[in-house]
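Subject: The structure to look over

Hi,

Here is the structure for you to open alongside this email. My notes on what turned up in it follow below.

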Amino acid sequence: SSIGLLLGKGKYGQLGHGSIDNEIRPLQVKALADQMIIQVVCGGDHTLAVNNDGEIFAVNYYQICRFV
């Protein structure tokens, strides 16, 4: 498995850490710990991650949604 780590601006909960804190050190996204994440795309207010099965996960406003 892979370890999903995110850091940066967290104003809208887009880091998936359950807070709106900015992070200067990478923290693991626990909700994605069981996924093999192969690609991550970061936007101003959201983060998208793709696993090895092609499922897309969107992180925004404290929610992590799975799109199959």
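Let me begin with a term: patches are made of residues with over 30% relative accessible area and no salt bridge, where like charges are joined within 9 Å and nonpolar side chains (Val, Leu, Ile, Met, Phe, Trp, Tyr) within 5 Å. A salt bridge here is a side-chain nitrogen of Lys or Arg within 4 Å of a carboxyl oxygen of Asp or Glu. Accessible areas come from the Shrake-Rupley method with a 1.4 Å probe, and for residues only the protein chains shown count as cover. By that definition, Val41, Leu48, Ile56 and Phe67 form a nonpolar patch on the surface, with about 320 Å² of accessible area together.

Please keep in mind that this is a predicted model, in which local features need pLDDT of at least 70 and side-chain atom pairs count only at pLDDT 80 or more, while totals for chains, interfaces and linings use all residues. Residues are numbered from 1 along each chain as its sequence is written, and side-chain values use heavy atoms, with hydrogens and water left out.

The overall picture

The protein has 0 helices and 6 strands, counted as DSSP runs numbered from the N terminus (helices are H or I, at least four residues; strands are E, at least two). Along the sequence, the pattern reads β-β-β-β-β-β. About 4,500 Å² of the protein is exposed, and carbon and sulfur atoms supply 55% of that area. Of the 68 residues, 29% are buried, meaning under 20% relative accessible area (exposed is over 50%, partly exposed in between; 1.4 Å probe, protein chains only). Among contacts (heavy atoms within 4.5 Å) between residues at least 6 apart in sequence, 30% join residues at least 24 apart.

Strands β3, β4 and β5

Two strands pair if DSSP finds at least two bridges between them. Strand β3 (residues 37-42) and strand β4 (residues 47-51) pair in the antiparallel sense over 5 bridges, and they form a hairpin with 4 residues between them. Ile37 has Asn51 in β4 as its bridge partner. Val41, from the surface patch, lies in β3 and is partly exposed, with a relative accessible area of 44%.

On its other pairing, β4 meets strand β5 (residues 56-60), antiparallel over 4 bridges, with Leu48 opposite Ala58 in β5. This hairpin also has 4 residues between its strands, and Gly54 takes a positive phi near 85 degrees there. Glu55 is in the loop between β4 and β5 and is buried, with a relative accessible area of 15%. Val59, in β5, counts as buried at 4% relative accessibility.

Val50 is in β4 and is partly exposed, at 22% relative accessible area. Leaving aside neighbours within four places in sequence, Val50 is in contact with Met36, Ile37, Ile38, Gln39, Glu55 and Ile56. The C-alpha atoms of Val50 and Val40 are separated by 6.5 Å, with the two residues 10 apart along the chain.

The core

Which residues make up the largest nonpolar core? They are Val29, Leu32, Ile37, Ala49 and Phe57, 5 residues in all. A nonpolar core is a set of buried Ala, Val, Leu, Ile, Met, Phe, Trp, Tyr and Cys residues joined through side-chain atoms within 4.5 Å. In soluble globular proteins, nonpolar side chains tend to be buried together. Not counting residues up to four places away in sequence, Ala49 touches Leu32, Ile37, Gln39, Val40, Glu55, Ile56 and Phe57. That list includes Glu55, the buried loop residue.

Happy reading, and best wishes
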